[in-house]
Protein chains: 2
Amino acid sequence: MRRVTIKDIAKEANVSYATVSRALSGSPEISEKTRAHVLEVSKRMGYTKNYIAHAMVKKRTGLIGLIVASVKNPFMSELAFHIEQHAMLKGYNLMLCNSSHDTERERQVFEVLISRQVDGIIIVPTSAETHRHLAPYLETTPTVFVGENLRDAAVSYVAIDNYRGTRIGMEYLYGLGHRDILYFGRRKGSVTHQLRANGYIDACEEAGIEPMICHSSYTSSSIQNGYQLAKTLLAKPIDYTAVFAATDSMALGFMKATSELKIRIPKDLSLMGFDNIQYAELPRIDLTTIEQPQQAIAATAVDTLLERINNPQAGYAHHVLSPKLIERGTCKQLSDTE
Amino acid sequence: MRRVTIKDIAKEANVSYATVSRALSGSPEISEKTRAHVLEVSKRMGYTKNYIAHAMVKKRTGLIGLIVASVKNPFMSELAFHIEQHAMLKGYNLMLCNSSHDTERERQVFEVLISRQVDGIIIVPTSAETHRHLAPYLETTPTVFVGENLRDAAVSYVAIDNYRGTRIGMEYLYGLGHRDILYFGRRKGSVTHQLRANGYIDACEEAGIEPMICHSSYTSSSIQNGYQLAKTLLAKPIDYTAVFAATDSMALGFMKATSELKIRIPKDLSLMGFDNIQYAELPRIDLTTIEQPQQAIAATAVDTLLERINNPQAGYAHHVLSPKLIERGTCKQLSDTE
DNA sequence: GCATACAATGCAAACGTTTGCGTTATCTTG
DNA sequence: CAAGATAACGCAAACGTTTGCATTGTATGC
């Protein structure tokens, strides 16, 4: 049950297999007549090109690797979708790996992808240290980081302006009359979170209001972690009228806790998220949040990767996209007669 | 900036490259001394095996292709995650493709994956016709179908017992006192939906209650489609106390419509889903539903695929897993004094 | 009509591995 | 110590493509 190769076609069509190769790859230095003949024969015999052999000689696989913490995560899955679509458009296919928030695992799959000769790698790092662990590989393997704002590292990345994101959100909350706004779930070890928190703090300062920050000691943002953190937070007196969560996941965890405690959102408390994951627009959730333009992120990520592949000696590219407020139902105007 | 190959190591270590290959692949016919030496040199030179060349001679890539309609879909992304994890465990990597619910696209990516010499393919078909379109490839490429119950087709598949799923759900609703239960979003062109509807109908018959079915003319189940369908349905008088949605997505669409119409769930109407996608357990959603055991499905899918790869002449395997009721907050006991 | 140019095709090497087989060296056995 | 067995390693082919170069055939220019 051997698959039909170029040699089989050559024999059948009475030409050398170089000719077959040229006919199939659309080389100009071949007569139209023989090309037509070869195409006919190869179609008849059901030939499909062997990309492995092709990659062998061309030293190009047409593959790009994608490393995420977990495609289960709605943010990552959406990104993965758009990356695959855009890559497909450009003639590339996708190899998907999950690192499960594990730095060692991250390194392992990176090595595997290199072994598999992918032309480049797109990675959503699990920590701000990731690019350090990967440093030895980064000079030989075109790589672009997604999500983290790695200004000072010698890497290409695409991310949003996280600082501006929280500023935009704060402006909105301020406009609704809120003055006591708690920032929920600030986390160490991520530049993204650093920047978001900074945006919050600066906004407070400019407005002359007191920042209140609820720190998260978890290493990742998830609904579960948000829920746990919210439970301890809400056990204490509530001296704020709005909550700005560091991520949508944390916001949902917070929401879960408030549901249990019969705290009504937005009636008793306004809630704002960040990321605009798919969950946010679900009925009953209807979370007001700051959007990361996933499709644009995905497209720029593969474009800068391809750029890097085709032009390795060029400098590192930094793309910072704009976040956007998505107004839904979890934030309400603070009544003057409080 | 050439990558270091086996030949480079051979030269450096003063052995033939056959010896290097044997040392690296753990062949027994080599002395411990030279193996240690070769390993040391290859480590020092930063060698990484070229899987493409390896695949070339072994005629095995260690790759499995996964085709889904869209990883954006929470059901698919969860599946993709577990498939990747399980495949990784068995030494395989994953190539991910989205078909976007398009049969022609489905065929295209199937061909691409074959070209890329994947050892096998796992596909979540978009329609009950998919395996017909793919028929020419199926005899030469190990494939397993996931989700659809393709009893009569010459394919391997893993799915859940969808018929039993609705039966279980109906039993539960009946136990809560419901007698007027509407089945929401029955769809043509999918065996899965056929079976679920049958389970509903048979349950009605046995209980001596009248089946009520709201048909969907959409070609896929989504929140949006569920929402549209629910709006026209809810414009008519409501002569039922519970709604059994064909899928969680449809249930969420229904929920969105009820939110707008101030119909309270579960107070005014009980709602049951099917699939237990991640959304279902979110706060405020809290959807009672029938679970598809995703991790088990993923594991059996890759196991039967590997089985098929290593033993192509064996018969087709049909794995039918058991669904399970997940009790949450959208169904309530029907008060006797209605 | 002959030299020249160019178009069309064939030959064979190369990509980086694995592996059957042949060769050498070492060991065992009587 | 000779002969046979076995362990360790090298040689070279093979996997299915692409492509530089050589070769052949045909058209062009004078």
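Start with Lys58(A): a polar atom in its side chain sits 2.9 Å from a phosphate oxygen of DNA strand D. Keep in mind that this is a predicted model, and that distances like this one are computed from its atoms. Ser21(A) reaches the backbone of strand D too, with a side-chain N or O atom 2.4 Å from a phosphate oxygen. From chain B, Ser31(B) uses its main chain instead: a backbone N or O atom lies 2.8 Å from a phosphate oxygen of DNA strand D. Which elements give two or more residues to the surface near this strand? In chain A they are helix H1 (6-13), helix H2 (17-25) and H4, and in chain B they are helix H2 (17-25) and H4. H4(A) gives the most, with five residues.

Now take in the whole surface around strand D. There are 27 residues around it, and the ones that come nearest are Ser21(A), Thr19(B), Arg22(B), Ser31(B) and Thr34(B). Of the atoms of DNA strand D that come within 4 Å of the protein, 62% belong to sugar and phosphate. Sorted by class, this surface has 13 nonpolar, eight polar and six charged residues.

Next, turn to the other strand. DNA strand C has 28 residues around it, with Ser16(A), Thr19(A), Arg22(A), Thr34(A) and Ser21(B) coming nearest. Sugar and phosphate make up 61% of the strand C atoms that come within 4 Å of the protein. Here the classes come out as 13 nonpolar, eight polar and seven charged residues.

Both chains supply phosphate contacts on this strand as well. Lys59(A) has a side-chain N or O atom 2.9 Å from a phosphate oxygen of DNA strand C. For Lys58(B), a polar side-chain atom lies 2.9 Å from a phosphate oxygen of strand C. Ile6(B) works through its main chain, where a backbone N or O atom is 2.9 Å from a phosphate oxygen of the strand. As for the elements behind this surface, at least two residues each come from H2 and H4 of chain A and from helix H1 (6-13), H2 and H4 of chain B. What gives the most to the surface near DNA strand C? That would be H4(B), with five residues.

The H4 helices turn up again in a nonpolar setting. Met56(A), Val57(A), Met56(B) and Val57(B) make a nonpolar surface patch of about 400 Å². Helix H4 (51-58) of chain A and helix H4 (51-58) of chain B each supply at least two of the patch residues. Take Val57(B), which is found in helix H4 of chain B: is this residue buried or exposed? Its relative accessible area is 64%, so Val57(B) counts as exposed.

Let's move on to charge pairing. Side chains of opposite charge can pair when their charged atoms come close. Over all chains, the count comes to 24 salt bridges. One of them joins Arg44(A) to Glu40(A), with the closest N and O atoms 3.2 Å apart. Both residues lie in helix H3 (residues 32-44) of chain A, four residues apart, or about one turn of the helix. Glu40(A) has 41% relative accessibility, so this residue counts as partly exposed.

Helix H6 (residues 103-115) of chain A holds Glu111(A) and Arg107(A), again four residues apart and about one turn of the helix. Their salt bridge has its closest N and O atoms 3.4 Å apart. Glu111(A) is partly exposed at 31% relative accessible area, and Arg107(A) is partly exposed at 23%.

Chain B offers a salt bridge between Arg196(B) and Asp275(B), with the closest N and O atoms 2.9 Å apart. This pair links distant parts of the chain, 79 residues apart: Arg196(B) is in helix H10 (residues 191-207), and Asp275(B) is in the loop between strand S9 (270-272) and strand S10 (289-291). Why does Arg196(B) count as buried? Because its relative accessible area is 2%, and buried means under 20%. Asp275(B), at 10%, counts as buried too. Back in chain A, salt bridges that share partners join Glu12(A), Glu40(A) and Arg44(A) into one network.

Last stop: strand S9 of chain B, where you'll find Ser270(B). This serine counts as buried, with 2% relative accessibility. The side chain of Ser270(B) makes a polar contact of 3.3 Å with the side chain of His178(B).

Conventions. Residues are numbered from 1 along each chain as its sequence is written. Chains are lettered from A and ligands numbered from 1 in the order in which they are written. This is a predicted model: local features need pLDDT of at least 70, side-chain atom pairs count only at pLDDT 80 or more; totals for chains, interfaces and linings use all residues. Side-chain values use heavy atoms; hydrogens and water are left out. Patches are made of residues with over 30% relative accessible area and no salt bridge: like charges are joined within 9 Å, nonpolar side chains (Val, Leu, Ile, Met, Phe, Trp, Tyr) within 5 Å. Accessible areas come from the Shrake-Rupley method with a 1.4 Å probe; for residues, only the protein chains shown count as cover. A salt bridge is a side-chain nitrogen of Lys or Arg within 4 Å of a carboxyl oxygen of Asp or Glu. Buried means under 20% relative accessible area, exposed over 50%, partly exposed in between (1.4 Å probe, protein chains only). A residue is near a molecule or strand if one of its heavy atoms lies within 4 Å of it. A polar contact is a pair of N or O atoms within 3.5 Å; within protein, one must be able to donate a hydrogen and the other to accept it, and residues adjacent in sequence count only if both atoms are side-chain atoms. Ala, Val, Leu, Ile, Met, Phe, Trp, Tyr, Cys and Pro count as nonpolar, Asp, Glu, Lys and Arg as charged, and the others, Gly among them, as polar.
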